Amino acid sequence: MSVVVAALGDSITEGSPEFDSRRGGDETSQWEHWAARADARLEFRNHGIHGERTDEILARLDEAAAGADVLVVQGGINDIAQDRSIEAAEANLRAMVRRGKEIGLHVAVADVLPWNNGWPDAEPKIRRLNDLIAAIARDEGVTLLPFHDTLEDPELPGRMRAEWTHADGDHPSVAGYRRLGELAFRLPPRD
């Protein structure tokens with residue numbers, strides 16, 4: 001039995017920079033590719049768009065979720081990069097989680113990755129938003145996907161390990177996306 005997973009988010013969901021939702025590219029640069037290889041039941045629909053903030057992602061939820069069994073919500077780094085309110089980003093992420101549950105989907109929410117190019121200034125904001133995302137998962141009874149800790153370099157807190165980071169300093173490398181798909185992703189429990 002296949003499980004349709006709608007992955008809704010920004011460039012991290014999309015698979016940037018090696019995969020572009022408009023032009024295509026290297027599918028191994030998507031965490032969804034690796035998660036599907038690890039579990040053949042999974043059919044992913046990638047609804048990631050580079051550069052989008054949580055308010056923009058929220059606006060696309062109903063269309064992205066149509067026909068899905070599971071919704072993965074991911075976003076927040078562009079809110080931080082554009083100096084938007086952390087609380088507004090949290091409210092948008094919570095609204096997405098609640099909407100997914102309301103329409104009967106199993107929901108997972110990913111926390112925000114370390115941002116090498118944003119370090120050190122963005123690190124406190126990322127940690128604050130990740131604390132709020134963890135609270136959303138607890139409060140709403142949904143699965144938290146630990147994207148941040150899966151790629152954080154323990155020797156350089158607040159940054160992705162070099163081999164898991166693309167040369168652009170903003171996104172995971174193929175090896176980083178593989179870790180996210182194989183280690184950080186897990187299906188929410190099904191009734």
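The following exchange examines how several structural labels are assigned in this predicted model.

User: On what basis are residues numbered and local features accepted here?

Analyst: Residues are numbered from 1 along each chain as its sequence is written, and because the model is predicted, local features need pLDDT of at least 70. Side-chain atom pairs count only at pLDDT 80 or more, while totals for chains, interfaces and linings use all residues; side-chain values use heavy atoms, with hydrogens and water left out.

User: Why is Arg53 called buried, and what is Glu56 called?

Analyst: Buried means under 20% relative accessible area, exposed means over 50%, and partly exposed lies in between (1.4 Å probe, protein chains only). Arg53 has 13% relative accessibility and therefore counts as buried. Glu56, at 29%, counts as partly exposed.

User: What makes the contact between Arg53 and Glu56 a salt bridge?

Analyst: A salt bridge is a side-chain nitrogen of Lys or Arg within 4 Å of a carboxyl oxygen of Asp or Glu. For Arg53 and Glu56 the N to O distance is 3.9 Å, and the pair is a salt bridge. In general, side chains of opposite charge can pair when their charged atoms come close. By this rule the count comes to 19 salt bridges.

User: Which salt bridges does Glu140 form with Arg98 and Lys101, and how do you know that the partners are distant along the chain?

Analyst: The N to O distance between Glu140 and Arg98 is 2.8 Å, and the closest N and O atoms of Lys101 and Glu140 are 3.2 Å apart. Helices (H or I, at least four residues) and strands (E, at least two) are DSSP runs, numbered from the N terminus. Glu140 belongs to helix H7 (residues 123-140) and Arg98 to helix H6 (residues 86-102), and the two are 42 residues apart. Lys101, also in helix H6, is 39 residues from Glu140. Both pairs thus link distant parts of the chain.

User: How is the accessibility of these three residues classified?

Analyst: Glu140 counts as buried because its relative accessibility is 12%. Arg98, at 45%, counts as partly exposed, and Lys101, with a relative accessible area of 35%, is partly exposed. Glu140, Arg98 and Lys101 are linked in a network of salt bridges that includes Glu90, Arg94 and Asp139.

User: Why is strand E6 described as largely enclosed?

Analyst: Five of the five residues of strand E6 (residues 106-110) are buried, so the strand is largely enclosed by the rest of the structure. In a regular strand the side chains alternate between the two faces of the sheet. In E6, His106, Ala108 and Ala110 are buried on one side, and Val107 and Val109 on the other.

User: How do you know that E6 pairs with strands E5 and E7?

Analyst: Two strands pair if DSSP finds at least two bridges between them. Strand E5 (residues 70-73) is joined to E6 by four bridges, and they run parallel; Val73 has Val109 as its bridge partner in E6. E6 and E7 pair in the parallel sense over three bridges, and Ala108 has Thr143 as its bridge partner in E7. The chain passes from E6 through H7 to E7 in a right-handed β-α-β crossover. Right-handed means that, with the strands pointing away from the viewer, the path from the first strand over the helix to the second runs clockwise.

User: What places the buried residues of helix H9 on the same side?

Analyst: In H9 (residues 174-184), Gly176, Tyr177, Leu180, Gly181 and Ala184 are buried. They cover an arc of only 135 degrees around the axis, which puts them on the same side of H9. The arc is that of the directions from the helix axis to the C-beta atoms. Among the elements these residues pack against (contact means heavy atoms within 4.5 Å) are helix H1 (11-14) and helix H2 (31-38).

User: Why are the buried residues of H2 assigned to one and the same side?

Analyst: The buried residues of H2 are Trp31, Glu32, Trp34 and Ala35. Their arc of only 160 degrees around the axis puts them on the same side of H2. Their cover includes strand E1 (3-9), H1, strand E4 (42-48), E5, H8 and H9.

User: Why is Asp83 called exposed?

Analyst: Asp83 has 59% relative accessibility and therefore counts as exposed. Asp83 also has a positive phi of about 55 degrees although it is not a glycine, and its place is in the loop between helix H5 (77-81) and H6.
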